[in-house]
Amino acid sequence: MNIGLIGCGNISDTYFESQNIFNNLKIVACADIVQELADKKANQYNTKSLSVENLLNDKDIDIVLNLTIPTAHKEIILKSMEHGKHCFSEKPLAMNFKEGLEIKELSNKKKLFVGCAPDTFLGAAGQKARSLIEDNSIGNVVLGTFNIMSHGMEDWHPNPDFFFKPGGGPVFDLGVYYLTQLVNLNGPIRSVIATNATASNERIITSKPRYGEKISVETPTTLMGTLDFYNNSKIQFFCSWDIWKHTHSTIELYGLEGSMIVPDPNYFGGEITISNKDSKWEKILTNEMLLGKPNKEDDNKLVANYRGIGLSDMVNNIKNNSEFRCSIDLTLHVLEIMEGILESSKNSTLYKNKTSCKRPKFLDEQEIQKLKI
Ligand SMILES: NC(=O)c1ccc[n+]([C@@H]2O[C@H](COP(=O)([O-])OP(=O)(O)OC[C@H]3O[C@@H](n4cnc5c(N)ncnc54)[C@H](O)[C@@H]3O)[C@@H](O)[C@H]2O)c1
């Protein structure tokens with residue numbers, strides 16, 4: 001299957017490079033509304049550069065890889081299907097749940113597939129944590145917490161505006177990794193109750209090239225609350241870009257027989273920490289496991305980054321006519337929860353989800369080996 005990439009910005013290098021990791025990814029063309037960006041990436045990665053319109057009309061392209069900014073996601077996904085192509089999109093699927101429903105409707109009507117990031121839950125840490133839970137290592141999960149705390153994106157991203165607009169914020173931008181990981185580990189979510197805060201209505205860019213420019217903040221930068229899962233467990237969350245320093249960990253799950261700390265789901269690897277009610281904490285390393293071995297530098301650290309596995313799994317399963325993991329049902333459910341968190345936070349009322357989904361299939365080593373170069 002031939003892939004056409006739209007959106008040649010920051011994250012596009014990771015996807016171009018994923019062609020060297022997975023054997024079924026072939027990016028045959030790229031496009032961007034800024035033509036020079038597409039030309040530059042095409043030259044760098046030895047592919048052809050097209051206009052967005054020509055890429056969509058190219059009969060040789062089967063799947064569009066949508067790496068545009070969140071406000072353009074729905075338009076590019078719908079256009080891809082209108083041109084007879086499947087689409088895999090970067091997260092979030094769309095700006096809101098209503099847009100997500102429109103995407104699902106067209107996907108059903110056209111019998112074309114839509115997949116969506118994040119795929120990080122398919123990494124060694126997410127899959128190992130899942131097998132530990134299924135092996136009853138901590139008993140049934142009854143409670144938990146997750147924390148996303150930092151001071152925002154204006155210090156590193158060259159165009160950080162979208163992080164502070166509707167469709168951005170800590171839940172849509174980063175919460176999406178945690179919520180997807182939690183659905184993988186703990187199943188779908190029934191309802192949410194939340195509250196919000198915004199410490200500052202303006203952000204000043206300190207990254208280059210727009211150093212000193214101001215961004216007006218149009219979506220809450222802190223959201224806190226509780227998720228109620230269909231398995232009756234409750235998980236408390238604190239997502240904020242208003243915090244300089246803290247000592248919380250990422251995801252903690254508390255079961256009837258023990259506890260587990262799951263590493264940052266923005267990455268594929270990391271250390272799982274687990275304890276049984278009668279034992280001390282034990283560390284489980286994932287850095288020698290498939291999709292856990294550190295392979296890319298991030299912030300002067302070597303981390304596991306296998307973005308592209310979700311797309312590779314989608315390509316493989318379209319060919320075999322079977323279910324892929326980063327499915328429209330999973331991503332739509334997570335999109336609804338994210339919107340539910342924001343909705344609930346407006347007046348702290350309970351938001352009941354209309355969607356649910358199956359937990360994505362476990363990804364075993366044999367399957368990964370088949371997709372690897
Ligand atoms: N940067 C990261 O580390 C990262 C990590 C994971 C996911 N993502 C997600 O990937 C997506 C892209 O992020 P990014 O950081 O690369 O952003 P970016 O702003 O660097 O790049 C987006 C590109 O899309 C292009 N674009 C915008 N609208 C378009 C349209 N209608 N048609 C064609 N091209 C269009 C822009 O010109 C730009 O080059 C976002 O949804 C983001 O949430 C980013």
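Which residue forms a salt bridge with Lys346? Keep that question in mind while the model loads, and note before selecting anything that this is a predicted model.

**First stop: helix H9**

Select Glu343 and Lys346, and the partner asked about comes into view: Glu343 forms the salt bridge with Lys346, and the closest N and O atoms of the pair are 2.7 Å apart. Both residues belong to helix H9, where they are separated by about one helical turn because they stand 3 residues apart. With the surface switched on, Glu343 counts as partly exposed, since its relative accessibility is 34%, whereas Lys346 is exposed, with a relative accessible area of 60%. While salt bridges are the topic, add Arg130, Glu134 and Arg359 to the selection, as these residues are joined into one network by salt bridges that share partners. A search of the whole structure finds 24 salt bridges, and two further examples follow.

**Second stop: a pair linking distant parts of the chain**

Select Glu323 and Lys358 next, whose side chains meet in a salt bridge with an N to O distance of 3.3 Å. This pair links distant parts of the chain, the two residues being 35 residues apart. Glu323 sits in the loop between helix H8 (309–319) and helix H9 (328–347), while Lys358 is found in the loop between strand E19 (351–352) and helix H10 (365–371). Glu323 counts as partly exposed because its relative accessibility is 40%, and Lys358, with a relative accessible area of 60%, is exposed.

**Third stop: helix H4**

Move now to Glu75 and Lys79, which both lie in helix H4, 4 residues apart, or about one turn of the helix. Their side chains meet in a salt bridge, at 3.1 Å from N to O. Lys79 has a relative accessible area of 28% and is therefore partly exposed, and Glu75, at 43% relative accessibility, counts as partly exposed as well.

**Fourth stop: the ligand**

Keep helix H4 (residues 70–82) highlighted and show the ligand, because this helix gives the largest share of the shell around the ligand, namely 4 residues. Which residues come nearest to the ligand? Of the 24 residues around the ligand, these are Asn10, Ile11, Asp32, Lys91 and His157. Colour the shell by residue class, and it divides into 14 nonpolar, 6 polar and 4 charged residues.

Three contacts deserve a distance label in the viewer:

- At Asn10, a polar backbone atom is 2.9 Å from an oxygen atom of the ligand.
- At Ile33, a polar backbone atom is 3.3 Å from a nitrogen atom of the ligand.
- At His73, a polar side-chain atom lies 3.1 Å from an oxygen atom of the ligand.

Taken alone the ligand exposes 830 Å², and the protein buries 86% of that area.

**Last stop: a nonpolar patch**

Stay with Ile33, whose backbone was seen in contact with a nitrogen atom of the ligand, and extend the selection to Val34 and Leu37. Together Ile33, Val34 and Leu37 form a nonpolar patch on the surface, with about 290 Å² of accessible area. Is Val34, within this patch, exposed or partly exposed? Its relative accessibility is 35%, so Val34 counts as partly exposed. To place Val34 along the chain, display the secondary structure as a cartoon and look at the loop between strand E2 (27–31) and helix H2 (35–44), which is where Val34 lies.

Notes. Residues are numbered from 1 along each chain as its sequence is written. This is a predicted model: local features need pLDDT of at least 70, side-chain atom pairs count only at pLDDT 80 or more; totals for chains, interfaces and linings use all residues. Side-chain values use heavy atoms; hydrogens and water are left out. Patches are made of residues with over 30% relative accessible area and no salt bridge: like charges are joined within 9 Å, nonpolar side chains (Val, Leu, Ile, Met, Phe, Trp, Tyr) within 5 Å. Accessible areas come from the Shrake-Rupley method with a 1.4 Å probe; for residues, only the protein chains shown count as cover. A salt bridge is a side-chain nitrogen of Lys or Arg within 4 Å of a carboxyl oxygen of Asp or Glu. Buried means under 20% relative accessible area, exposed over 50%, partly exposed in between (1.4 Å probe, protein chains only). A residue is near a molecule or strand if one of its heavy atoms lies within 4 Å of it. A polar contact is a pair of N or O atoms within 3.5 Å; within protein, one must be able to donate a hydrogen and the other to accept it, and residues adjacent in sequence count only if both atoms are side-chain atoms. Ala, Val, Leu, Ile, Met, Phe, Trp, Tyr, Cys and Pro count as nonpolar, Asp, Glu, Lys and Arg as charged, and the others, Gly among them, as polar.
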